[in-house]
Amino acid sequence: MKHQKIANILTFVLFALPLALGLVLFALLPDRSFSAEENRSLQTFPKLTWQTLGKGKFTEQMNSYFADQFPARDALVGIKGIAELALGKGENNGVLLGSDGQLAVRWFDAYIDRLIRVEDTDYYAKQSVAAQTDALNRLHADLAKEGMQLTVIIPPRTLDVVGADTRYPMQSADALWQDLATGLDDSVRFLDLRQTMTEAHAAGDQVYYRTDHHWTTKGAYLAYKSLMQSLGKEGKIIPESAFTIETVDGFLGTTWSRAGLKFVQPETVELWHFEGEDDYIVTDPETGVSFEGFYNRDYLEKKDKYSAFLDGTHGVLIVKKNTDEPRETLLVLKDSFLNSMAPFLAQHYDLVVVNLSVGGVQPLQTYIDQYGCDGVLIVYNAENVIESNALAGVKYAP
């Protein structure tokens, strides 16, 4: 009996001590507002108001607060990842682990409508996708009246390209692309790049990062080639041999941070340089800040190395070549996938780059009239089509 009592006490202590230590550390350690490892803002202690309390937002924010601020959170996420793999699940936190350390997100937060979002799901809302394709059809019709062409590129998700490596069933993914293709009018120039990227991946080209959701610079180049071919400008494509490739080691992207699989090794980011790239000026018209070329090299020393392309997140950017030669101007509505594609496009067009992911997008007529745009290109990743309805809000005129 005495031994049993001692064992019970030891069990209680071993169980209670970590909890007590965690509670003490939670109270003493300052809140973090940003996680460099996850490249996202963290929930700090929420403000209690009648509005947040009545709508249940305060409870949601408190749950997020405890999850984000828990001591040793990053280490615990890594332990959980190892445990999930040990159980034979082949994934953690909705991220699949494929061959050669390839990571691919399979869970998304599906946008249903303004008030409803389904978290961590393999599926998508058909009505949300339909609302976005309907809006693009209306935009195309309005632009056609002005003699302008709309081109739409929906970059595939990593899952769409490397799904075979993860042995993941692709029925839902295939249905999404079917809805996009059938929802858009035949007269809309729509580039489905899944086959291009999948074939390149199968041939051994790294067209999507292993640890991040973006395409690589090689993937962005293939997208550029496909666009030029669709525009009937094959003869103007800049060959790969014209570029000098700079590699930057130590990249671990947002998918790696989410997966918690710490054993997956870092990879490289490639910057494709060409002669005369300093003749291109990138300007933020809201701040007036300009820089030469296409890269902010400060980001290359940080975890978020992909933000080196076009200096990361801006609402609007103007990309112009310092030349007296006349050039067409292309209005580009985009998310971050466009950033690594911009250096290729800029060799043929001046660019007015409008970020759909930050909100506050004006009717397109505003940008077209102000900057004299000759055509409209949309580059908006399939993940954002699922998780947002930003495309549904795009319109030509007020």
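Leaving aside neighbours within four places in sequence, which residues is W215 in contact with? In this predicted model, the partners of W215 are P155, L193, M197, V207, Y208, Y209, A220, A223, Y306, F337, S340 and M341. Two of these names, M197 and M341, return in the description of the core that follows.

The largest nonpolar core has 53 residues. Within this core, the members that touch the most others are M197, W215, Y224, L338, M341 and L351. Helix α9, which spans residues 217-230, supplies the largest share of the core, namely seven residues. Apart from this core lies another one, made up of 45 residues, and A110, W177, I318 and I386 are among them.

The charged side chains come next. Over the whole structure, a search finds twelve salt bridges. One of the pairs is R194 with D174, where the closest N and O atoms are 3.7 Å apart. R194 belongs to helix α8 (residues 194-202) and D174 to helix α7 (residues 171-183), so this bridge ties together parts that are 20 residues apart in sequence. R194 has a relative accessibility of 23% and therefore counts as partly exposed, since the buried class requires a value under 20%. D174, with a relative accessible area of 42%, is also partly exposed.

R194 has a further acidic partner: its side chain meets that of D192 in a salt bridge, with an N to O distance of 2.9 Å. D192 is partly exposed as well, at a relative accessible area of 31%.

Elsewhere, D350 pairs with R327, and the closest N and O atoms of this salt bridge are 2.9 Å apart. What does this pair tie together? D350 sits in strand β16 (residues 349-355), while R327 is in the loop between β14 (316-321) and β15 (328-334), so the bridge ties together parts that are 23 residues apart in sequence. Is D350 buried or exposed? With a relative accessible area of 8%, D350 is buried, because the cut-off for that class is under 20%.

Salt bridges also occur here as a network, which links E91, R106 and D122.

Note on methods
Residues are numbered from 1 along each chain as its sequence is written. This is a predicted model: local features need pLDDT of at least 70, side-chain atom pairs count only at pLDDT 80 or more; totals for chains, interfaces and linings use all residues. Side-chain values use heavy atoms; hydrogens and water are left out. A nonpolar core is a set of buried Ala, Val, Leu, Ile, Met, Phe, Trp, Tyr and Cys residues joined through side-chain atoms within 4.5 Å. Buried means under 20% relative accessible area, exposed over 50%, partly exposed in between (1.4 Å probe, protein chains only). Helices (H or I, at least four residues) and strands (E, at least two) are DSSP runs, numbered from the N terminus. Contact means heavy atoms within 4.5 Å. A salt bridge is a side-chain nitrogen of Lys or Arg within 4 Å of a carboxyl oxygen of Asp or Glu.
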